[in-house]
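Me: I should like to learn how to read the features of a structure such as this one. May we go through them in turn?

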Amino acid sequence: MLEKLEQLKTDVELKVQSIETLKELQDYKIEILSKKGAFSYFMDELKKVSNENKKEFGQKINEVKVYLTSLFETEEAKLKEKELKEKLEKERIDVTLPGYQFQPGSKHPMNIVIDEIIQIFLPLGYKVEEGPEVEQDFYNFECLNIPKNHPARDMQDTFYITDGILLRTHTSPVQARAMEKNTEKTPIKILCPGKVYRRDDDDATHSHQFMQLEALVIDKDITMANLKATLDLVAKKLFGEKRKIRLRASYFPFTEPSVEVDVSCTCNKNGCPVCKDTGWIEILGAGMVHPNVLKMGGYDPNVYKGFAIGFGIDRITMLKYGFDDIRHLYNNDLRVITQFKKER
Ligand code: DAH
């Protein structure tokens with residue numbers, strides 16, 4: 001039996017040397033060392049050995065078992081290492097290969113201007129609000145003191161979807177929604193940037209879709225002086241510290257008084273195409289919130305006052321960056337848009 005044991009040992013040693021994969025080795029290990037494997041024969045035999053020889057045989061069998069177990073372990077470790085090496089080699093990444101070229105996008109110039117305006121207002125305590133582009137006639141007109149058949153409706157050629165539903169013609173309806181939403185009727189300070197739509201034929205200065213940004217303040221002691229100071233600050237931050245503003249009396253149904261706001265031009269009024277030699281460029285409309293608008297928003301006009309500003313983002317963008325055609329802002333021509341890469 002001891003010879004057979006020696007024989008098994010050498011057989012296993014030899015066989016193990018020729019095995020090349022971990023799987024094969026593990027199968028072979030089962031064949032030899034599992035409960036029903038080749039080695040179990042000796043365990044069965046041991047039971048039959050006389051008591052006096054049992055100790056010697058038992059020790060020998062045990063020695064060989066320990067030896068074979070550790071032999072399998074070392075071989076297993078070697079093969080594992082070998083297979084890992086092969087895998088790493090096969091899956092090796094060539095870091096010298098040129099990578100994919102990612103083309104980082106750039107902010108649209110109008111978004112740059114919107115972000116800039118928001119950054120001016122945020123420290124003053126304003127919050128950004130959004131409203132729907134598909135709007136109800138009620139918010140777009142009625143709540144803003146423009147009842148049906150009011151001639152002011154002609155100022156804004158409207159895309160109607162149904163009788164009472166339309167594409168908003170301005171961002172002002174967000175004023176009405178903000179007042180309505182504020183059930184506590186506490187002060188309001190909001191900004192609302194967004195797309196607006198009008199039934200205009202597209203040309204160098206008109207687009208059927210354009211961008212506005214509405215600012216609204218409602219509080220107890222708001223006066224025209226607050227509006228003027230705010231406009232002055234914004235103009236200087238947007239266009240430069242040397243710029244001045246000028247307020248011209250105007251008419252909007254939702255503000256009283258209403259103003260159109262000009263910013264001073266940088267030219268010397270000599271053949272300047274931007275201000276047409278007037279020295280002033282119109283940039284936005286504004287005014288003190290009309291008492292009727294406050295009332296419809298649930299605010300008592302004897303207690304609360306407010307001001308509103310309507311920025312034309314397209315116009316401001318064109319002025320700031322020297323665009324001569326509004327359509328450049330909407331054609332998505334990469335030659336135009338990628339010029340703003342630095343400003344991401
Ligand atoms: N909603 C006006 C328009 O689209 C712009 C405007 C003017 C907004 C005066 C205002 C404002 O908030 O006070 O023509």
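Me: How do the residues of the shell around the ligand divide into nonpolar, polar and charged?

Reply: The classes are fixed by residue type: Ala, Val, Leu, Ile, Met, Phe, Trp, Tyr, Cys and Pro count as nonpolar, Asp, Glu, Lys and Arg as charged, and the others, Gly among them, as polar. In this shell, five residues are nonpolar, nine are polar and two are charged. The model is a predicted one, in which local features need pLDDT of at least 70 and side-chain atom pairs count only at pLDDT 80 or more, whereas totals for chains, interfaces and linings use all residues. Residues are numbered from 1 along each chain as its sequence is written, and side-chain values use heavy atoms, with hydrogens and water left out.

Me: How many residues surround the ligand, and which are the closest?

Reply: A residue is near a molecule if one of its heavy atoms lies within 4 Å of it. Here 16 residues surround the ligand, and the closest are His170, Ser172, Arg198, Gln212 and Glu214.

Me: Which distances link oxygen atoms of the ligand to the side chains of Gln175, Arg198 and Gln212?

Reply: The term to know is the polar contact, a pair of N or O atoms within 3.5 Å; within protein, one must be able to donate a hydrogen and the other to accept it, and residues adjacent in sequence count only if both atoms are side-chain atoms. A ligand oxygen lies 2.8 Å from a side-chain N or O atom of Arg198. For Gln212, the distance from a ligand oxygen to an N or O atom of the side chain is 2.8 Å, and for Gln175 it is 3.3 Å.

Me: How much of the ligand does the protein bury, and which elements give two or more residues to the shell?

Reply: Accessible areas come from the Shrake-Rupley method with a 1.4 Å probe; for residues, only the protein chains shown count as cover. The ligand taken alone exposes 350 Å², of which the protein buries 91%. Strand S5 (209-219), strand S8 (280-289) and strand S9 (305-312) each give two or more residues to the shell. Helices (H or I, at least four residues) and strands (E, at least two) are DSSP runs, numbered from the N terminus.

Me: Where do the domains of the chain lie?

Reply: Domain bounds come from an automatic or database domain assignment. For this chain, the assignment gives domain 1 (2-90) and domain 2 (109-343). Their C-alpha centres are 86 Å apart.

Me: Which residues of the largest nonpolar core touch the most other members?

Reply: A nonpolar core is a set of buried Ala, Val, Leu, Ile, Met, Phe, Trp, Tyr and Cys residues joined through side-chain atoms within 4.5 Å. Buried means under 20% relative accessible area, exposed over 50%, and partly exposed in between (1.4 Å probe, protein chains only). The largest core has 44 residues, of which Phe121, Ile309, Phe311 and Ile313 touch the most other members. Elements that each supply at least two residues of this core include helix H5 (109-121), helix H8 (224-239) and helix H10 (313-321). With eight residues, H5 gives the most to this core.

Me: Is Asn140 buried or exposed, and what does its side chain contact?

Reply: Asn140, in helix H6, counts as buried because its relative accessibility is 0%. Its side chain forms a polar contact of 2.9 Å with that of Thr169. In strand S7, Asp262 counts as buried because its relative accessibility is 2%. The side chains of Asp262 and Arg248 make a polar contact of 2.8 Å.

Me: Where is Leu144 found, and why is it classed as buried?

Reply: Leu144 is in the loop between helix H6 (137-140) and strand S3 (165-167). It is classed as buried because its relative accessible area is 0%. The C-alpha atoms of Leu144 and His290 are 8.4 Å apart, although 146 residues separate them along the chain.

Me: What should one look for in the backbone?

Reply: Most residues other than glycine have a negative phi, and most peptide bonds are trans. In this model, a cis peptide bond joins Glu256 and Pro257, with omega about -5 degrees; Pro257 lies in strand S7. Lys185, not a glycine, has a positive phi of about 55 degrees. This residue is in the loop between helix H7 (173-181) and strand S4 (188-197), and counts as partly exposed because its relative accessible area is 21%. Asp277, also not a glycine, has a positive phi of about 65 degrees and lies in the loop between S7 and S8.
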